[in-house]
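Take a look at the protein below. This short report walks through its helices, strands and largest pocket.

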Amino acid sequence: MAFLKQFKLFLYSTKYLRFNTSTKLNKLFSSGAVPTSNEISETIHPNVKTSKHQHITLISLNRPDDKNSLNVETLYDLKKAVTNFENDSSSTVAVLYGEGGSFCAGMDSDELSNAPQIFNEFLQSHCQKPIIAAVSGFAYNAGFDLCLWCDLRIVEENAVMAIDRKLKTSKSEISFKRLLKSVGYSRTMDILLTGRDVHSKEAFDCGLANRVVACGSSVGQAVLMAFNISKFPQQSINDDRSVIYKMVSE
């Protein structure tokens with residue numbers, strides 16, 4: 001019974017996230033909690049979509065048939081999208097999510113020889129502005145690392161995070177540091193050595209998730225949080241972020 005419930009929730013999430021950006025944002029903001037301007041610009045790279053709602057940038061991994069697993073092309077598109085966001089003076093906060101019901105299920109199995117090095121270089125980077133991860137479905141391996149790379153994580157009820165120990169690749173040192181700083185030594189070793197699934201409730205309890213929200217609502221909730229953050233003086237926010245990043249990276 002529990003499995004059927006989770007499966008239904010997953011199907012609902014998948015259906016919801018397949019709406020186009022304009023329709024999705026109109027539904028999310030119809031309550032009036034956020035200004036409801038319909039002026040949404042959208043840029044589509046082969047594997048990453050970027051859209052903008054006022055001063056909030058939305059970056060989505062766009063390989064839903066592969067649960068948004070990463071390959072070399074996707075990583076280059078993602079780096080380009082993040083760089084464009086950093087260089088856009090009119091955009092203050094970004095939301096990163098995955099199309100089709102999953103955040104990111106890891107790395108493409110046929111690109112494990114090339115993509116990890118590029119991904120590690122990406123993980124070493126520090127975005128100059130806040131990025132919020134809207135996590136639905138699976139966040140495995142590289143997807144887990146991508147969550148940790150973001151400043152905040154809005155996690156749906158059915159989301160699952162994990163490190164697959166069956167893979168023979170090692171994780172990056174910076175991801176270890178971020179996980180350790182987030183959940184502590186004992187929990188880090190538990191997640192790392194067992195490779196077990198970390199569900200949303202545990203993720204919130206141990207500090208991996210900042211919010212747990214209903215299925216299909218992570219993007220909307222992340223955008224609402226982004227609007228709240230953008231109300232404050234951005235220079236001081238980004239200066240403080242840089243200090244925290246240096247402390248975590250040491």
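How many residues does α3 have, and how far does α3 reach from its first C-alpha to its last? The helix has 16 residues and reaches 23 Å. That is close to the 22 Å expected at 1.5 Å a residue. Keep in mind that this is a predicted model.

**The whole protein**

The protein has 10 helices and 10 strands. Its chain counts 250 residues, and 51% of them are buried. Now take the contacts with a separation of 6 or more. Residues 24 or more positions apart account for 71% of these contacts.

**Two helices and their neighbours**

Start with α3, which spans residues 72–87. Its buried residues are Val-72, Thr-74, Leu-75, Asp-77, Leu-78, Ala-81, Val-82 and Phe-85. They pack against three strands, β2, β3 and β4, and also against α4, β5 and α5.

Move on to α4, residues 115–124. Here Ala-115, Ile-118, Phe-119, Phe-122 and Leu-123 are buried. Seen down the helix axis, these residues fall within an arc of 140°, so they line one face of α4. What covers them includes α3, α5 and α6.

**A loop residue**

Asp-110 sits in the loop between β4 and α4. Is Asp-110 buried or exposed? Its relative accessible area is 61%. The cut-off for exposed is over 50%. Asp-110 is therefore exposed. Asn-71 is 39 residues away from Asp-110 in sequence. In space, the two are 8.7 Å apart, C-alpha to C-alpha.

**A hairpin**

Strand β2 covers residues 48–53, and 6 of its 6 residues are buried. In a regular strand, side chains alternate between the two faces of the sheet. In β2, one side holds Val-48, Thr-50 and Lys-52. The other side holds Lys-49, Ser-51 and His-53. Both faces are covered.

β2 runs antiparallel to β3, residues 56–61, and 6 bridges join the two. Together they form a hairpin, with 2 residues between the strands. Gln-54 lies in the turn and has a positive phi of about 55°.

**A small sheet**

There is also an open sheet of 3 strands. Its order is β6-β8-β9, and the pairing is mixed. The edge strands are β6 and β9, each pairing on one side only. β6 and β8 run parallel.

The table sets two strand pairs side by side.

| Strand pair | Bridges | Direction | Example of bridge partners |
|---|---|---|---|
| β2 and β3 | 6 bridges | antiparallel | Val-48 and Leu-61 |
| β6 and β8 | 3 bridges | parallel | Ala-139 and Met-161 |

What holds such pairs together? Strands of a sheet pair through backbone hydrogen bonds, either parallel or antiparallel.

**The largest pocket**

The largest pocket holds about 580 Å³ of space. It is lined by 23 residues. Closest to its centre are Leu-148, Cys-150, Asp-151, Ile-244 and Val-248. Four elements give two or more residues to the lining: α5, β7, α6 and α10. Which of them gives the most? That is α10, with 5 residues.

Key
Residues are numbered from 1 along each chain as its sequence is written. This is a predicted model: local features need pLDDT of at least 70, side-chain atom pairs count only at pLDDT 80 or more; totals for chains, interfaces and linings use all residues. Side-chain values use heavy atoms; hydrogens and water are left out. Buried means under 20% relative accessible area, exposed over 50%, partly exposed in between (1.4 Å probe, protein chains only). Two strands pair if DSSP finds at least two bridges between them. The arc is that of the directions from the helix axis to the C-beta atoms. Contact means heavy atoms within 4.5 Å. The expected span of a helix is 1.5 Å times one less than its number of residues. On a 1 Å grid over the protein atoms alone, a cavity is a set of points where a 1.4 Å probe fits but cannot get out, and a pocket is an open set with protein on both sides within 12 Å along at least five of seven lines; lining residues have an atom within 4 Å of a point. Grid points are joined across faces, edges and corners, and a volume is the space filled by probe spheres set on the points.
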